[in-house]
Amino acid sequence: MAKAIPSRSENYSEWYNELIKRADLAENSAVRGCMVIKPYGFSIWEKMQRALDDMFKETGHSNAYFPLFIPKSYLSKEASHVEGFAKECAVVTHYRLKNAEDGSGVIVDPEAKLEEELIVRPTSETVIWSTYKNWIQSYRDLPLLINQWANVVRWEMRTRIFLRTSEFLWQEGHTAHSTAKEAQEETAQMLNVYATFAEEWMALPVIRGTKTANERFAGADDTLCIEAMMQDGKALQAGTSHFLGQNFAKAFDVKFLTKDNQQDYVWGTSWGVSTRLMGALIMAHSDDDGLVLPPKLAPIQVVIIPIFRNDEQLDKLSERINPLIKELRKAGISVKYDTSDANKPGWKFAEYELRGVPVRLAMGMRDLENQTVEIARRDLKTKETISVDGLVGHIQNLLDEIQTNIYARAAKFREENTFKVDSFDAFREQIEKGGFLMAHWDGTAETEEAIKEETKATIRCIPLNAEPEEGTCVYSGKPSKQRVVFARAY
């Protein structure tokens, strides 16, 4: 039996890294700061992608694709945007290599310098808005609702698989509208799409909120977000939706003819989630024995392990199990039937537990005689023996129950680790233990920065639709009308 995964309580960071490796999700690549997403990990991402893509299309969006390379001059057109991304940009300066004269290998050909450097996209607002100028002429062209699935590069010095890598996968929506109201409604709608996906598919409770000006997306008038709590008490931003105002429309001169026959700049939004969600999925639910996957996102929802001594027994078991597999698949349940004899059943049990398969079925010769099967559920680590009659319906109900239970467990953990604090001494004491701190803030960037400097905690969001509550700022003592969410974060 392989060595156990480090426990979360002893070393959360090592537990996370080792779990990714042992569950065969991803690995560091030969290119510094980048990752290789392995087939099992990518199949989870594909399920996320498929569900989100369906949700985008249900809200009227279409997919397109835009260039990986962005002319440097494009980034210069929106001052706050370029300032926000300048330190993270990878730059292409030449277009050709040649062999070194001393035979030492290839070198950059100095004669092949680009007239204008190209930026490897850190995000696509600039190249997309330069394109929208050609697509939009009148109000009849609006709203323009576009999404793209792509990779982006943000040069990171300290990387961590899924959470922070120099290259990662994501989707980015970019929409154009005729009024500010319509663009703001789009911004809110897409935040709710993300929250619905997080809660109903990832079984991840989130807080919907607004970012402070300090934490707002570079180039946006407003940024909405969803924030989730990981099992170490830290926050993870799981999705953002930005109201861009007319900033990019003005920077790229994207105008339209209104119904009143007037020229006006369009109003924009952008919104995105990334493979960072993979990290959230792992850290929010998994345990010291491996992954715990919500059934809706599990590549394998049910694994069936026959217990046999020889080929004759396997044939008899398969004769009964194969019709069950067909019934399960017909019901839309993904199934793996592991008939390999390279490892014993006990090893297989541990391996599928490590990989987070929600339901495990085991059938031996005695079960075959009794027409029963042993069912184990990953979330609670419980087992029961039931009749094979009505098995499909039982498993369908069980998968729904597991999905609900995983969410409820995460919600209970967040509730137990969310604290109201009313003094800075209590704030400093609690932030060392982790969790979400609900505290009053005076609304100033100076106070926000001072708290961050002294405690490493940031304002994760100003909760949407929160009840007003008169109080005094936990740091400055100035009046405050609402508590905000503070936490240390990934």
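Student: What makes strand 17 and strand 19 a parallel pair in this structure?

Tutor: In this predicted model, strand 17, residues 302-306, and strand 19 are joined over five bridges in the parallel sense. Two strands count as paired if at least two bridges are found between them, and the five bridges of strand 17 and strand 19 satisfy that. One place to look is Ile-305, which stands opposite Ala-362 in strand 19.

Student: How do you know that strand 17 also pairs with strand 18?

Tutor: The same kind of count applies, since at least two bridges are needed and strand 17 and strand 18 have three, again in the parallel sense. Among the residues involved, Val-303 has Lys-336 of strand 18 as its bridge partner.

Student: Why is strand 17 called largely enclosed?

Tutor: A residue is buried when its relative accessible area is under 20%, and five of the five residues of strand 17 are buried, so the strand is largely enclosed by the rest of the structure. In a regular strand the side chains alternate between the two faces of the sheet. In strand 17, Val-302, Ile-304 and Pro-306 point one way while Val-303 and Ile-305 point the other way, and all of them are buried.

Student: Which strands make up the sheet as a whole, and what makes its pairing mixed?

Tutor: The sheet is open and has five strands in the order 18-17-19-20-21, with mixed pairing. Parallel pairing is found between strand 17 and strand 19, whereas strand 19, residues 359-363, and strand 20 run antiparallel and are joined by four bridges. Strand 20 and strand 21, residues 382-387, also run antiparallel, with six bridges between them.

Student: Why are strand 18 and strand 21 said to stand at the edges?

Tutor: Strand 18, residues 335-337, and strand 21 each have a single partner strand, so one side of each is left without a neighbour in the sheet. Neighbouring strands of this sheet are turned against each other by 20 degrees on average, when direction is ignored.

Student: Which residues can I use to follow the antiparallel part of the sheet through strand 20?

Tutor: On one side, Ala-362 has Glu-374 of strand 20 as its bridge partner, and on the other, Thr-372 is matched with Ser-387 of strand 21. Strand 20 and strand 21 form a hairpin with four residues between them, and in that turn Lys-381 has a positive phi of about 60 degrees.

Student: What makes strand 20 count as largely enclosed?

Tutor: With the limit for a buried residue at under 20% relative accessible area, five of the six residues of strand 20, residues 372-377, are buried, so this strand is largely enclosed by the rest of the structure.

Student: How do you know that helices lie against this sheet, and which strands do they meet?

Tutor: Helix 9, residues 311-330, lies across strand 17, strand 18 and strand 19, and runs at about 170 degrees to strand 18. Helix 12, residues 391-416, packs on the sheet and touches strand 17, strand 19, strand 20 and strand 21, its direction making about 10 degrees with that of strand 20.

Student: How is the packing of helix 2 and helix 6 described?

Tutor: Two packed helices are described by the angle between their axes and the distance between the axes. For helix 2, residues 39-58, and helix 6, residues 180-200, the angle is about 145 degrees and the axes are 11 Å apart. The contact is made by Met-48, Ala-51, Leu-52, Met-55 and Phe-56 of helix 2 together with Met-190, Val-193, Tyr-194, Thr-196 and Phe-197 of helix 6. By class, nine of these residues are nonpolar, one is polar and none is charged.

Student: Why is Tyr-74 called partly exposed?

Tutor: Partly exposed covers the range between buried, under 20%, and exposed, over 50%, and because Tyr-74 has 23% relative accessibility, it counts as partly exposed. Tyr-74 lies in helix 3, residues 72-75, and, leaving aside its neighbours within four places in sequence, is in contact with Thr-126, Val-127, Ser-130 and Phe-252.

Student: What makes helix 5 mostly covered?

Tutor: Eight of the 11 residues of helix 5, residues 125-135, are buried, among them Thr-126, Val-127 and Ser-130.

Conventions
Residues are numbered from 1 along each chain as its sequence is written. This is a predicted model: local features need pLDDT of at least 70, side-chain atom pairs count only at pLDDT 80 or more; totals for chains, interfaces and linings use all residues. Side-chain values use heavy atoms; hydrogens and water are left out. Buried means under 20% relative accessible area, exposed over 50%, partly exposed in between (1.4 Å probe, protein chains only). Helices (H or I, at least four residues) and strands (E, at least two) are DSSP runs, numbered from the N terminus. Axes are lines fitted to C-alpha atoms, for helices over the stretch in contact, and angles run from 0 to 180 degrees between N-to-C directions. Contact means heavy atoms within 4.5 Å. Ala, Val, Leu, Ile, Met, Phe, Trp, Tyr, Cys and Pro count as nonpolar, Asp, Glu, Lys and Arg as charged, and the others, Gly among them, as polar.
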